[in-house]
Amino acid sequence: MSKFLVETHYTCTFKIVHELEELNEKALADIDNRKDGRVEIVNVTVNNRKTKKASDEKASKKINLPNNVKINHSKNNENKIIDKISEVSSKKSTINKTKDLGKRFQMPDRRKGYIQKATIGDHKIYLHTGEYDDGKIGEIFIDTNKEGELVKALTNNFAIAISLGLQYGVPLEEFVDAFLDTKFEPSGKVYGNDRILSATSILDYIFRELAISYLGKEQLAHTPNISNAEVKKDDAKDDQFLKIVKNITSKGFVRSNYEEKLVDLSDVRINLKSKS
């Protein structure tokens with residue numbers, strides 16, 4: 001059984017901090033010859049790795065260091081260096097994650113979605129949704145009637161703010177948890193929605209509808225789901241016909257019940273011959 005040795009080559013960037021009692025030209029000129037500086041690691045990068053058999057002769061290379069640089073091989077110093085390397089790596093990963101969170105995912109120019117009309121009290125509400133190609137919601141629009149210009153402007157800009165949050169990666173669950181069960185007028189019975197019978201406010205109704213349609217939270221609905229078919233996971237193997245239907249159908253409109261909404265037209269034949 002062969003054994004191999006793995007050599008990892010690093011590039012280490014560090015800084016040396018000296019303490020001066022007095023700042024003058026002579027002290028600055030002799031600072032490189034001082035040996036009492038404090039070494040701090042700034043960055044560590046991996047250059048490459050080389051492998052060789054353990055039976056080969058170890059080629060040892062002597063490193064010529066300047067006289068003013070000392071290497072402390074104590075156990076405490078090694079632990080400090082290892083901790084510093086892990087700290088630098090964690091900072092890099094945090095910076096990369098922060099960059100990803102700041103990226104906006106633009107909506108396609110031609111998109112799917114649905115419109116749900118409902119009435120709360122004497123107020124009619126039209127909820128418009130826009131979806132990405134994979135069926136994930138990316139924007140909403142809210143239209144109302146019997147409202148003044150101020151309320152309409154606030155409602156429209158609120159919908160724009162929610163849409164921007166969705167496009168920047170904020171999960172829909174966060175908005176649902178924040179605005180569900182908010183209480184203000186108009187409230188009461190809801191007409192026009194087959195799953196929601198009452199709402200404590202317009203925001204409660206909107207995010208209850210979105211949670212049922214896009215998150216499958218049936219516990220928020222007031223009526224049972226007509227379809228008893230379980231919603232399949234995204235990674236489930238669907239037949240080719242069902243995949244085509246998912247690509248052209250709004251996920252929110254069918255509430256993920258693709259199979260229940262399908263109409264089998266495989267036996268239907270259409271005569272396209274023109275009359276003579």
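A residue counts as buried under 20% relative accessible area, as exposed over 50%, and as partly exposed in between. By that scale D181, with a relative accessible area of 46%, is partly exposed. The structure described here is a predicted model. This briefing covers three strands joined by hairpins, the salt bridges, and helix α3.

**Strands and hairpins**

- Strand β3, made up of residues 115-120, pairs with strand β4, residues 123-131, in the antiparallel sense, and six bridges connect them.
- Within this pairing, I120 has H123 of β4 as its bridge partner.
- The hairpin formed by β3 and β4 leaves two residues between the strands, and G121 in its turn has a positive phi of about 65°.
- Strand β4 also pairs in the antiparallel sense with strand β5, residues 137-144, over seven bridges.
- Here H128 is matched with F141 of β5 as its bridge partner.
- Five residues lie between β4 and β5 in their hairpin, where the turn residue G135 has a positive phi of about 95°.

**Salt bridge between R111 and E139**

- The model contains four salt bridges by the rule applied.
- In one of them, R111 is joined to E139, with 2.8 Å between the closest N and O atoms.
- R111 belongs to the loop between α2 (75-101) and β3, while E139 belongs to strand β5, so the salt bridge ties together parts that are 28 residues apart in sequence.
- The relative accessible area of R111 is 35%, so this residue is partly exposed.
- E139, by contrast, has a relative accessible area of 10% and is therefore buried.

**Salt bridge between R208 and D181**

- R208 forms a salt bridge with D181, and their closest N and O atoms are 3.2 Å apart.
- This pair links distant parts of the chain, 27 residues apart: R208 is in helix α5 (residues 202-214), and D181 is in the loop between α4 (172-179) and β6 (188-191).
- R208 is buried because its relative accessibility is 9%.

**Salt bridge between R195 and E218, and a network**

- R195 pairs with E218 in a salt bridge whose closest N and O atoms are 2.6 Å apart.
- The loop between β6 and β7 (198-199) holds R195, and the loop between α5 and α6 (240-248) holds E218, so the pair ties together parts that are 23 residues apart in sequence.
- R195 has a relative accessible area of 4% and is therefore buried.
- E218 is partly exposed because its relative accessible area is 32%.
- D181, D204 and R208 are joined into one network by salt bridges that share partners.

**Helix α3**

- Helix α3 covers residues 149-167, a run of 19 residues.
- From its first C-alpha to its last, α3 reaches 27 Å, which is close to the 27 Å expected at 1.5 Å a residue.
- The buried residues in α3 are T155, A159, I162, S163, G165, L166 and Q167.
- An α-helix has 3.6 residues a turn, so residues three or four places apart point the same way.
- The elements that cover the buried residues of α3 include β5, α4 and α5.
- G169, just after α3, takes a positive phi of about 100°.

Definitions and conventions. Residues are numbered from 1 along each chain as its sequence is written. This is a predicted model: local features need pLDDT of at least 70, side-chain atom pairs count only at pLDDT 80 or more; totals for chains, interfaces and linings use all residues. Side-chain values use heavy atoms; hydrogens and water are left out. Two strands pair if DSSP finds at least two bridges between them. Helices (H or I, at least four residues) and strands (E, at least two) are DSSP runs, numbered from the N terminus. A salt bridge is a side-chain nitrogen of Lys or Arg within 4 Å of a carboxyl oxygen of Asp or Glu. Buried means under 20% relative accessible area, exposed over 50%, partly exposed in between (1.4 Å probe, protein chains only). The expected span of a helix is 1.5 Å times one less than its number of residues. Contact means heavy atoms within 4.5 Å.
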